[in-house]
Amino acid sequence: MHVSSRVARAFTRNPVAMLGLCLLGSMAFVAAAAPLVAPDSYDDQDARIRLKPPLWRSAEGRVYVLGTDPLGRDVWSRIAYGARVSVSVAGAGLLLGGGVGVGLGLLAGFGGRVADALVMRAADIQLAFPSLLLAIGFIAVLGANVATLLGVLALRSWAVHARTVRGSVLLVREQESVLAARALGAGPLRLAFREVLPNMLAPLVVVATAQLGALILLESTLSFLGLGIQPPRPSWGNMLSAGRPYITVAWWVTAMPGFAILAAVLGANLLGDGLRDALDPRLKI
Amino acid sequence: MSLTLPPGLRFLVGRLAQLVPTLVGVSLFAFVLIRLSGDPTGLLLAPDATEAERMAFRHAYGLDRPVAEQYLRYVSRLAQGDFGVSFFQGEPALRLVLERLPATLQLAGTAIVIVLVVGIPVGVLAAVRRGSVVDYVTLALVALGQSVATFWLGLMLIIVFAVGWRLVPPSGFGTTAQLVLPAITLAAYYLAVATRLTRSGMLEVLAQDYVRTARAKGISEALTVFRHALRNALIPLLTVLGLQIGELLAGSVVTETVFAWPGVGTLVLDSILRRDYPLVQAVIIVLAVIYTVVNLGVDLLYAWCDPRIRYR
């Protein structure tokens, strides 16, 4: 009990972690409450108000905080709905990749030498091959759709999770509580889920938080290249790409979604750093 | 036989021998990945092509042979320097890649120079002045650099420096002025990583006994930092940057797209989208060769930084 309260205090007293939590939390809030915080829907077009600058006031007195895009859509509304898509796609990719990674990591840790060698070599290859090229290659093979995108994000993140879990298994496996459970006749599945998994949550949370930032970046990069979320569905990456032809006359259409990406990724990275410091100062990733 | 070689040379030969399985693995991977993507016949021939024309096309490119045979033929041709002919441009794939390679190497090389020349001194400064304003500003910039989307950074640099202040051209290739923005864009993330690793490496090394000994000997602080500490602090930096070279080359896909840079990155994106198999394979293998050679160079640098490695 006092361990968790020490961790909580270390965490809440860490300004970096709190800043990260605020940034990521506000992005999650905008994503969840998009219909409430956005004045328009993401596809409400108005040809009379194309490319209006930030803080532009219409004749009816409405202020467009972040301006409008080439089709006369409210940029802020599109960023809010884009948060929905970008954060949920990255989150789902993380759950998928994390789930596969935890499963394979447990297999590597408990499954004997052959399983261990297979999983770890696969992870090495995965980490050695440039992830963006791999993602582009798979999308070229399978087509640019949401299922492929989730698969590619999961592929990007499973290996780090698998390595983390395997490392924790090797550390925890010989601890007395686990040896005692084994002596009492607990099978490998029971050992994995009842004894080992609770002990590896701390490093896993740290890795997953840092991976969330990487996945948001990968999703927005792929959507920017036209290989991820397809218009008219708004994602921060494809909004930015749509604004590109207009950067000489309307910088805000390109700039604003990028600030959203920066805030979300920075939030995830800072939160990951803060969690690492709070949970285990010696843990280095 | 190899036991008679001096340790340094044995190390070099051992590392060179490790290149072979890596390259075989990469060629197999490139082959399988691309073949999974389906038949290019439908893409390349007109929709009203007759079945006989389709058969003739498949036969001409060997697509009607068993897959294992296709792979063996492909590897034996690779060994002779024949990477096949681009489906779309009708020219040797290797020549097309090599034509684009100098532009990418110029961009990546400039980015790496920026990373090392800026990242190492700033990292050392932040570590030596730990807890100062300089250190905190550095840490903040590192956090931003690790979180920024490359393509967005590139577009922001264009908006500010090319469109706003008109200091440099917004895109294009050929002059030094046109190299500045793409090189900074490609370097940004790795610059942040290099600065952070130099800083943490220096902090660790500066706490070691031999640094205290050096200081106790009375030699100058600059000599202590640069002669005794820095060389050891650079080892983790070298490891990570060596591993990240592949990511840096792949990251040039994005930077080259943003700046219309005529390099391998835009070539590989176009050829993957067109399913131009021979060209994609040639790009992947050329990048893999560069990647392994760079990693070999990194290993040799290690041995220079830490002589114990040579004798392992």
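At what angle do helix H10 (residues 209-216) of chain B and H11(B) pack, and how far apart are their axes? In this predicted model, the two helices meet at an angle of about 150°, and their axes are 10 Å apart. The crossing of H10(B) and H11(B) is right-handed. On the side of H10(B), the contact is formed by Tyr210(B), Val211(B), Ala214(B) and Arg215(B), while H11(B) contributes Thr224(B), His228(B) and Ala229(B). Grouped by class, the residues that make this contact comprise four nonpolar, two polar and one charged.

H11(B) also takes part in the interface between the chains, in which 28 residues of chain B are in contact with 28 residues of chain A. At least two residues of the side of chain B that touches chain A come from each of helix H2 (19-36), helix H7 (133-147), helix H8 (150-164), helix H11 (221-259) and helix H12 (264-273) of chain B. Of these, H11(B) gives the most, with eight residues. The side of chain B that touches chain A consists of 20 nonpolar, six polar and two charged residues.

A further position considered is Ala288(B), which lies in helix H13 (residues 277-305) of chain B. Ala288(B) is classed as buried because 23 other C-beta atoms lie within 10 Å, where 20 or more are required. When neighbours within four places in sequence are left aside, Ala288(B) is in contact with Leu23(B) and Val26(B). The C-alpha atom of Ala288(B) is separated by 7.8 Å from that of Gly246(B), although the two residues are 42 residues apart along the chain.

Note on methods:
Residues numbered from 1 in each chain as written. Chains lettered and ligands numbered in written order. Predicted model: local features only at pLDDT ≥ 70, side-chain atom pairs only at ≥ 80, totals over all residues. Helix = DSSP H or I, 4+ residues; strand = E, 2+ residues; numbered from the N terminus. Buried ≥ 20, exposed ≤ 12 C-beta atoms within 10 Å, placed from the backbone. Contact = placed C-beta atoms within 7 Å. Nonpolar A, V, L, I, M, F, W, Y, C, P; charged D, E, K, R; others polar. Axes fitted to C-alpha atoms, helices over the stretch in contact; angles between N-to-C directions. Left-handed = near helix turned anticlockwise from the far one by under 90°.
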